Amino acid sequence: MPGVPTTLRAMVEGAGTWAAAVGSVQGGTPVAEVVAGLLEAMTPDEKLWCLDGDLPFWAGLGDLGEGGYHKRTFPAARVERLGIPGFAFSDGPRGVVIGPATCFPVSMARGAAWDLELEERIGDAIGTELRSVGADLFGGVCVNVLRHPAWGRAQETYGEDPFHVGELGAALVRGVQRHAMACVKHLACNSMENARFEVDVAVDEVALHEVFLPQFRRIVDEGVAVVMTAYNALNGEWCGQNRPLLTQILRDEWGFSGFAISDWIFGLRDAGLSLTAGLDVEMPYQMVRAGGLDAALADGATSWEDVDRSVAHVLATLLRFSGVLAAERPGSDVLASPAHRALAREAAAKSVVLLRNEPVDGVPVLPLDPARLQRVALLGALADIRNLGDGGSSDVWAESVVTPAAGLRLALGGVELTLDDGTDATRAGVVAADADVAVVVVGYTKDDEGEFIGAGGTNTALQALMPGPDDPDLAARFTDSVAANPGPEPPAGLAAAGPLTFSTGGDRSSLRLHRSDEDLIAAVVAANPRTVVVLVAGSAVLTPWADDVPAVLQGFYGGMEGGHGLADVLVGRRSPGGRLPFSVPTDEAHLPPFDHEATVCTYDRWHGWWKLERDGHPARFPFGWGLTYSGFEWGEFSANVADGVLEVTGSVTNTGGHTAAEVVQVYGAAASFPDQPRRLVGFARLEVAPGAGAEVTIRVPLSLLAARDAAAARWVLPQGRVDLEMARHVGDPRSQRVTVEVPD
Ligand code: BGC
């Protein structure tokens, strides 16, 4: 083995090979050299084996249909002869999908918390739980920007703004990667659900780099191990075989050194092209590549250099994480441990956004004061059901779930709580009239929005990707291993509560509540002016009724402790501290068009708060909006620039009577790019006690205000004047503005 370090040359070719490779890296041998040695030790078949999932297609699919998704990992790139461990994938993002893990609030809820430190702690908890169920790659870092609230998987990402989404995703990765590898997805422009296998998204250089990719780049810079490609096509080619995306952008421009995997089952269509384009591993089964790579290598559509390059990406990443992954796996007692449940509750409370809180008879309806209440009516179909969100790939088997009713009952102590499922609006009105306060919990479930499972049934191009019968040996080995290791049983009661596999989900058919929910709200508020509406949804809900209701909260799928988190806010144990991570328009027509069945679709830079601001359409509730039970005064903010970084400093004082959070948001515009919309470039969430103040410094690298030069395909930094606005939300009338001169 010329050029290969002696330690490796001396390695016996056998199960000790990997251990020797890890030892070499730990001893200081450059990873590239060690990888070269490993490649020499591998047979051609072993290399090809690393380029797709380890499981046979049909047996794997059968297992998936029987709940296997929640019982075992998806393994890939494991080479037993050489001891190469490969990787074992499990999904998220609201927790680990295998076993009775902690179900955290969905990502969109965590986006509403605007709390990077919290997100990192959640990542840390998820990383620990992930390792305990036998996995080492977490697939739950979903950061596609919310281009339209109808997107069925809106709840899996953090919001509509790429900077905000990128910071949250990077925080999650930091936490997870203390224990395991993380995978960011879905590269790129995956923000429609029903059409995800069919749609070709056309997007120009500027919109792509300034709006749809910055959060991926941020997370690559954070050191994420793995990138998952999207199902859709981008500018004429499927993302799983898109060379400009996977090689020019991801590798050459961003310097990504991890490995790229496809999305599940239909993530690529052409074995050879996917490899030359830069996709490293087809997931999760032996499928397109198993049937097509040999021929592609024979006819020159791809090459052994391509094979080696991709295998090298996998090996180098596994070596980079070998120290982290050498840590002993925690026991199953970490799953939904008291500490993780407490974290889930904290996240649930911090994510609730108070949209409105008007006085009735001179007193705001919230917080509820149990000492002054005798009877509370809790109404609505979602008030007392297990409602954790998507029933597709992000589904988590929570052992037990605190519903809003359970949380509120406990928080209200001796106050009588009358529950009504709201199916009969007239009856609900009677119940509400008899109470001091009426709380209505309405919105969606996994039947209204979520991953669209079951698509492809009529798509002949997808059906043609299905392989022939499994290799019998492989299938038998898999079936035996499942029999020997059946995996965790579903938590008690879950099997009875619904099917163990997937729901149908899909894009939302309307941005409004169900008609029955709107009728319920109208009946309740007519019967009791002290009405609180809690919206349960993955993203924006149009609220034409909001002016008639004194108190409105945007809740989300709040996770297994969601009921406690919500109750903490309703009774004022915690001031609501969430801020909308998306805009709520007054009219769906103010959003970009959304065609569920699109086969082609153009994405430009105008969606969310950018579009509303450009078009002069005030939002019903703007991006960044959220009230508290307290009040804040701001000191004067100032900014200066040094070494390519703008530094914004200021202070806030809590002038009210509750500990509460203020979220300072910095929006910037560079005079050198007059055509470019301004951007969110920084934020800080500050938790402040009553009467206390907090200093804040927000650092904004000038690169966040760079413009993409389409012709040269490169970034141009701003020069001259930069206008900064420090605000509580988009369109804040009390914002502060400062101007900074950037030296040439
Ligand atoms: C989803 C991915 C997910 C994968 C594996 C796919 O259906 O699109 O987001 O990671 O399944 O669970």
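**Ligand site and cysteines in a predicted model**

The ligand occupies the space of the second largest pocket. The structure is a predicted model, and the points below concern the surroundings of this ligand and the state of the cysteines. The protein covers 95% of the 310 Å² of accessible area that the ligand has on its own, and the structure holds zero disulfides.

**Ligand shell**

- The ligand is surrounded by 13 residues, of which Tyr69, Asp91, His186, Asp263 and Glu451 come nearest.
- By class, the shell around the ligand comprises six charged, five nonpolar and two polar residues.

**Polar contacts of the ligand**

- Tyrosine 69 places a polar side-chain atom 2.6 Å from an oxygen atom of the ligand.
- For histidine 186, an N or O atom of the side chain is 2.6 Å from an oxygen atom of the ligand.
- Lysine 185 has a polar side-chain atom 2.9 Å from an oxygen atom of the ligand.
- With the protein in place, 95% of the ligand's own accessible area of 310 Å² is covered.

**Cysteines**

- There are zero disulfides in the structure.
- Cysteine 50 takes part in no disulfide, and the nearest cysteine sulfur, which belongs to cysteine 183, is 17 Å away.
- Cysteine 50 is buried, its relative accessible area being 1%.
- For cysteine 183, the closest cysteine sulfur is that of cysteine 142, at 10 Å. Because a disulfide requires two cysteine sulfur atoms within 2.5 Å, this separation is too far for a bond.
- Cysteine 183 is likewise buried, with a relative accessible area of 0%.

Terms used: Residues are numbered from 1 along each chain as its sequence is written. This is a predicted model: local features need pLDDT of at least 70, side-chain atom pairs count only at pLDDT 80 or more; totals for chains, interfaces and linings use all residues. Side-chain values use heavy atoms; hydrogens and water are left out. A residue is near a molecule or strand if one of its heavy atoms lies within 4 Å of it. A polar contact is a pair of N or O atoms within 3.5 Å; within protein, one must be able to donate a hydrogen and the other to accept it, and residues adjacent in sequence count only if both atoms are side-chain atoms. Accessible areas come from the Shrake-Rupley method with a 1.4 Å probe; for residues, only the protein chains shown count as cover. On a 1 Å grid over the protein atoms alone, a cavity is a set of points where a 1.4 Å probe fits but cannot get out, and a pocket is an open set with protein on both sides within 12 Å along at least five of seven lines; lining residues have an atom within 4 Å of a point. A molecule sits in a cavity or pocket if more than half of its atoms lie within 2 Å of its grid points. Ala, Val, Leu, Ile, Met, Phe, Trp, Tyr, Cys and Pro count as nonpolar, Asp, Glu, Lys and Arg as charged, and the others, Gly among them, as polar. Buried means under 20% relative accessible area, exposed over 50%, partly exposed in between (1.4 Å probe, protein chains only).
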